[in-house]
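Trainee: I am new to this structure. Please take one part of it and go over that part closely, with enough of the surroundings to place it.

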Amino acid sequence: RGPPLSAEQTRARLLAAQHECLRHGLTCVHDAGVTAEVLEQMVALHREGLWHLRTYVLLAVGEQGLIERGPWQTKDARIVVRAVKAYADGALGSRGAVLLEPYSDRPNWKGLFLNPEAGVRELAQFCADHGMQLCVHAIGDAANRAVLDAFAAVKVDGGLAARRFRIEHAQIVADADFVRFRALGVLPSMQPTHLTSDMPWAGQRIGEHRLRRAYAWRRFHRLGVVVPFGSDFPVESVDPRHGLYAAATTRRADAADGGELRPDQKLSREQALRGFTLHAAHGMFAEGQLGTIELGKVADLTVWDTDLMTCSERELLTAKVLLTVVAGQVVYDGRAR
């Protein structure tokens, strides 16, 4: 870690990130792990009329004072603060994801909890008590089970489902735990490009038997579970075309051999797009205002030069953003570029 950023540096980075999002056609992001310092500068930019990107803020877990404040938003709902981001385990690539059985390529190792079940349970109750949605990073099947167990123990008026607690990634899930997402009303917030990024080595880490219950968004769909999609940038690319391509093809865009991973999880174009639009809106309690273009909803929309529903698979990766519109205002114009 370097020295803390100045307010001017934070502002410059926020504006640069906003530009990247808008030029890639994003009208809204779920910003995970936001600190008080970053939120202060984002709100200042909004006050100055410089913040155009709709932002659903997931506070950093250490911001207890902001969490205790409960949900709030700017008057125009351009910035909404209603959630908290936490971590249960690490990544699969580094073997930090926590598995029920040892790694296939390291027989004496099951991964490492960053926050054990008791810690997640305490945080989940704290968030529930203050009206905040909790979104917990869990990749391994043991981590997903621990988070589900922690969520199940939360006591909350109106039931847990109304709080729409999320598991971020839900990458490897035990067979018995898929139905628990539906029973508890927990949302598996997934990133299709993790499938394609992990493709070269995922089988070595977890073996074929566990791959059959990994990256399983279609299995959740069959259970009637809402699956918000995202990109996980800056870990992955901000470009939504890669996510659409991954969900619709289960192939790497750069794979010369056209190899697939989990082809049984391929989604239709409509299902894939819905994950990044209406289901993502559901993940932030905004399906009534965002996520589809229809009468009575906010005019957040992206205009492409290609019909993403009917174009060839390769054209999913080359489609060009012509306009990005937020609340009826053109915030990026790519027509002359």
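Mentor: What follows starts with the whole chain, moves to helix H10, and ends with some loops.

This is a predicted model, in which local features need pLDDT of at least 70 and side-chain atom pairs count only at pLDDT 80 or more, while totals for chains, interfaces and linings use all residues. Residues are numbered from 1 along each chain as its sequence is written, and side-chain values use heavy atoms, with hydrogens and water left out.

The protein chain has 13 helices and ten strands; these are DSSP runs numbered from the N terminus, with helices (H or I) of at least four residues and strands (E) of at least two. Its radius of gyration is 20 Å, close to the 20 Å that the globule rule gives for 337 residues, so the chain is as compact as a globular protein of that length. That radius is taken over C-alpha atoms, and the rule is 2.2 Å times the number of residues to the power 0.38. Of the 337 residues, 51% are buried, where buried means under 20% relative accessible area, exposed means over 50%, and partly exposed lies in between (1.4 Å probe, protein chains only). Contact means heavy atoms within 4.5 Å. Among contacts between residues at least 6 apart in sequence, 70% join residues at least 24 apart.

Now to H10, which spans residues 240-249. H10 is mostly covered, with eight of its ten residues buried. The buried residues are Pro240, Gly243, Leu244, Tyr245, Ala246, Ala247, Ala248 and Thr249. They pack against helix H7 (192-198), H9, helix H11 (269-276), E8 and H13.

Two backbone features flank H10. Pro234 is found in the loop between helix H9 (217-222) and H10, and the peptide bond from Phe233 to Pro234 is cis, with omega near 15 degrees. After H10 comes Thr250, whose phi is positive, near 50 degrees. For comparison, most residues other than glycine have a negative phi, and most peptide bonds are trans.

Leu244 of H10 leads to another loop, for Leu308 touches Leu244, Arg269, Leu316 and Ala319, leaving aside residues up to four places away in sequence. Leu308 is found in the loop between strand E8 (301-304) and helix H13 (315-318). Leu308 is buried, at a relative accessible area of 10%. Leu308 and Glu270 are 38 residues apart in sequence, but 9.0 Å apart in space from C-alpha to C-alpha.

Positive phi values also turn up elsewhere. Arg164, although not a glycine, has a positive phi of about 50 degrees. It is in the loop between helix H5 (141-152) and strand E6 (166-169), and at 16% relative accessibility it counts as buried. Phe285 likewise is not a glycine and has a positive phi of about 65 degrees. Phe285 is in the loop between helix H12 (278-282) and E8, and counts as buried at 18% relative accessibility.
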